[in-house]
Amino acid sequence: MQVKIADSWKNILQNEFEKPYFKQLTAFVDAEYEKHICFPNKEVIFSAFDFCSFDALKVVIIGQDPYHGEGQANGLCFSVQEGVKHPPSLQNIFKEMSKDLSCELPQTGDLENWAKQGVLLLNATLTVRTKEPGSHQKKGWEIFTDATIAQISQEKENVIFLLWGKFAESKMNLIDLSKHTIFKAPHPSPLGAWRGWFGSKHFTKTNAVLKSLNKVEINW
């Protein structure tokens, strides 16, 4: 696995790339992609970092695992490639967004536009074997993405973290609450969305904080 990551992140994460765990992770990922069908495509594994530069970062959304179906994952959490049917969690994200912002439901499930505005769409695990959810967990990705969250917390100020579900909430210990804003809600999956995802208003809340900081709001 060749680590092609945007220059703005290299200085922040370079130490991680040189650690033994990351070298082991690289070997594991290379072997998996050689032997099995894995997602996303190798060239977009680090898309979350490519589309959202460290300097432009305003918001972090944390997912767990890439989609494991053919042609879905594109390197951004909750996002799918253009033209792909919206998975249930993404459908619920768009339903809440539409109601919160009084806007129409998006046609595309590709969240690249969010990322380009400063939203880091970070999965805790960046790769997966086809039709085997969680198959690349506990191989080193979580160490890397936890380090990413910790570095953001340390090096930046006034970042808004949107933690959707228990897994995302487990990352709170990596975030300096005195410097950053956290909004929590149940996961938008059909299993948990009715327990408080709908009505959480994270989109307007996020923009209200950005406005109070004299930052450009996100055009969700």
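Buried means under 20% relative accessible area, exposed means over 50%, and partly exposed lies in between, with a 1.4 Å probe and protein chains only. This is a predicted model, in which local features need pLDDT of at least 70 and side-chain atom pairs count only at pLDDT 80 or more, while totals for chains, interfaces and linings use all residues. Residues are numbered from 1 along each chain as its sequence is written, and side-chain values use heavy atoms, with hydrogens and water left out. Helices (H or I, at least four residues) and strands (E, at least two) are DSSP runs, numbered from the N terminus.

**Stop 1: helix H4**

Select residues 88-101, which form helix H4. The expected span of a helix is 1.5 Å times one less than its number of residues. For the 14 residues of H4 this gives 20 Å, and the end C-alpha atoms are 20 Å apart, which agrees. Colour by accessibility: Ser89, Leu90, Asn92, Ile93, Phe94, Glu96, Met97, Ser98 and Asp100 are buried. In an α-helix there are 3.6 residues a turn, so residues three or four places apart point the same way. What do the buried residues of H4 pack against? They pack against helix H5 (112-116), strand S5 and helix H8 (202-212), where contact means heavy atoms within 4.5 Å.

Now pick asparagine 92 within H4. Asparagine 92 counts as buried because its relative accessibility is 6%. Leaving out residues up to four places away in sequence, asparagine 92 touches Pro188, Ser189, Pro190, Ala193, Trp197 and Phe198. Step past the end of the helix to serine 102, which follows H4 and has a positive phi near 55°.

**Stop 2: strand S2**

Select residues 59-63, strand S2. Is this strand mostly covered or mostly open? S2 is mostly covered, with five of its five residues buried. In a regular strand the side chains alternate between the two faces of the sheet. On one side of S2 are Val59, Ile61 and Gly63, on the other Val60 and Ile62, and all are buried.

Add residues 119-123, strand S3, which pairs with S2 in the parallel sense over five bridges; two strands pair if DSSP finds at least two bridges between them. S3 is also mostly covered, five of its five residues being buried. Val119, Leu121 and Asn123 lie on one side of S3 and Leu120 and Leu122 on the other, all of them buried. Glycine 63 stands opposite asparagine 123 in S3. Then add residues 160-164, strand S5, which runs parallel to S2 and is joined to S2 by three bridges.

Centre the view on isoleucine 61 in S2. Its bridge partner in S3 is leucine 121, and the bridge partner of isoleucine 61 in S5 is leucine 162. Isoleucine 61 counts as buried because its relative accessibility is 0%. Not counting residues up to four places away in sequence, isoleucine 61 touches Cys77, Phe78, Trp114, Val119, Leu120, Leu121, Leu122, Leu162 and Trp164. For a distance check, draw a line from isoleucine 61 to cysteine 103: they are 42 residues apart along the chain, and their C-alpha atoms are separated by 21 Å.

**Stop 3: the largest pocket**

About 380 Å³ of space lies in the largest pocket. Of the 23 residues that line this pocket, those closest to its centre are Gln64, Asp65, Pro66, Tyr67 and Asn123. On a 1 Å grid over the protein atoms alone, a pocket is an open set of points with protein on both sides within 12 Å along at least five of seven lines, where a 1.4 Å probe fits, and lining residues have an atom within 4 Å of a point. Grid points are joined across faces, edges and corners, and the volume is the space filled by probe spheres set on the points.

**Stop 4: helix H2**

Phenylalanine 28 lies in helix H2 (residues 20-35). Outside residues up to four places away in sequence, phenylalanine 28 touches Ser135, His136 and Lys139. From phenylalanine 28 to glycine 140 is 112 residues in sequence and 9.3 Å in space, C-alpha to C-alpha.

**Stop 5: backbone details**

Go to proline 40, in the loop between strand S1 (38-39) and helix H3 (47-51). The peptide bond from phenylalanine 39 to proline 40 is cis, with omega near -5°.

Next, find asparagine 158 in the loop between helix H6 (141-155) and S5. Phi of asparagine 158 is positive, near 60°, and the residue counts as partly exposed because its relative accessibility is 33%.

Finish at asparagine 214, in the segment after H8. Asparagine 214 is not a glycine, yet has a positive phi of about 60°. At 74% relative accessibility, asparagine 214 counts as exposed.
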